[in-house]
Amino acid sequence: MEFLPISLDAYRLGFIGAGKMAESLARGIVQSGLLPPSRISTALYPTPGPPIDFESFGVRVLPKNENVVEESDVVIFSVKPQIVKNVVLKLRPLLGKKLLVSIAAGIKLKDLQDWAGHNRFIRVMPNTPAAVGEAASVMSLGEGAIKEDGQLIAKLFGSVGKIWEAEEKLFDAITGLSGSGPAYIFLAIEALADGGVAAGLPRELALGLASQTVLGAATMITKTGKHPGQLKDDVTSPGGTTIAGIHELEKGRLRGIFMNAVVAAAKRSQELSEK
């Protein structure tokens, strides 16, 4: 089946699933000016906690998912992995030639395409920093998705961070690194702050310094393009304080622990996707 490019000037975007990730994406898209909120819609469904007020930033809330699909050219499925099959199958008669996107972890393109009845599908793996506009997302194009589809989705997800394209076979490893990675860094920041407290700092100051230090270090890598090993060497003077701290980290096998965490999470992702 041949698909024509979607008009960038007039396309309408719909979210099936009105949770936190849908909110982050919708807010980012609106704030970036990529789409006016009047061209974005969703339908509320039961979620833990109070419902998100999409209308507060201009997104239209329709009565049912079917209404969202009928009014959209691009449909993003942002529902839990365990219900995505039933949701897609229920909407299948309405999906036609629309560009479909799934952000459900562990659900393969082949299955998504089978359930939808066509292969104009793109799978995206975002992560939770999308909520603050700093997501690390990766996309893989389905068999029927054309180059222009990929460019359109890259712009949408680029409004809440950075996005890369990769083969779908790499998605378990991507889940282990960027999908689960924020939690590893939260743990590292908490540990750095605890170290500051142990060394005599007030808790609030220690946490502020730890958070900003991690943010600053990451920004130096992305903005300078230098290898992290080089940046580490640049601030490690002979017999100084930094090398004394690094020596302790090396004795504790920090590098190996981080590597093992990524590999373990990737393995678990693979196990879950095979169920």
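**A tour from strand β7 to helix α8**

In this predicted model, begin by selecting strands β7 and β8 (residues 161-165), which pair in the parallel sense over five bridges. To see one point of contact between them, pick out V138, whose bridge partner in β8 is W164. From here, follow the chain out of β7, through helix α5 (residues 147-158) and on into β8, a β-α-β crossover that is right-handed.

Next, keep β7 in view and add strand β6 (residues 121-125), which runs antiparallel to β7 and is joined to it by four bridges. The residue to look for on β6 is M125, because V138 of β7 has already been selected and is the bridge partner of M125.Now colour β7 (residues 135-141) by accessibility: five of its seven residues are buried, with under 20% relative accessible area, so the strand is largely enclosed by the rest of the structure.

Then move along the chain to helix α8 (residues 203-224), where a distance drawn from the first C-alpha to the last should read 31 Å over 22 residues, close to the 32 Å expected at 1.5 Å a residue. Just after α8, select G225, which takes a positive phi of about 75°.

Finally, widen the selection to residues 168-272, the stretch at which UniProt, in an unreviewed entry, places the feature "domain: Pyrroline-5-carboxylate reductase dimerisation". This span is 82% helix and 0% strand, and its end C-alpha atoms lie 15 Å apart.

Conventions
Residues are numbered from 1 along each chain as its sequence is written. This is a predicted model: local features need pLDDT of at least 70, side-chain atom pairs count only at pLDDT 80 or more; totals for chains, interfaces and linings use all residues. Side-chain values use heavy atoms; hydrogens and water are left out. Buried means under 20% relative accessible area, exposed over 50%, partly exposed in between (1.4 Å probe, protein chains only). Helices (H or I, at least four residues) and strands (E, at least two) are DSSP runs, numbered from the N terminus. Two strands pair if DSSP finds at least two bridges between them. A crossover is right-handed if, with the strands pointing away from the viewer, the path from the first strand over the helix to the second runs clockwise. The expected span of a helix is 1.5 Å times one less than its number of residues. UniProt positions are given in the numbering used here, feature names are shortened, and annotations may be inferred rather than shown by experiment.
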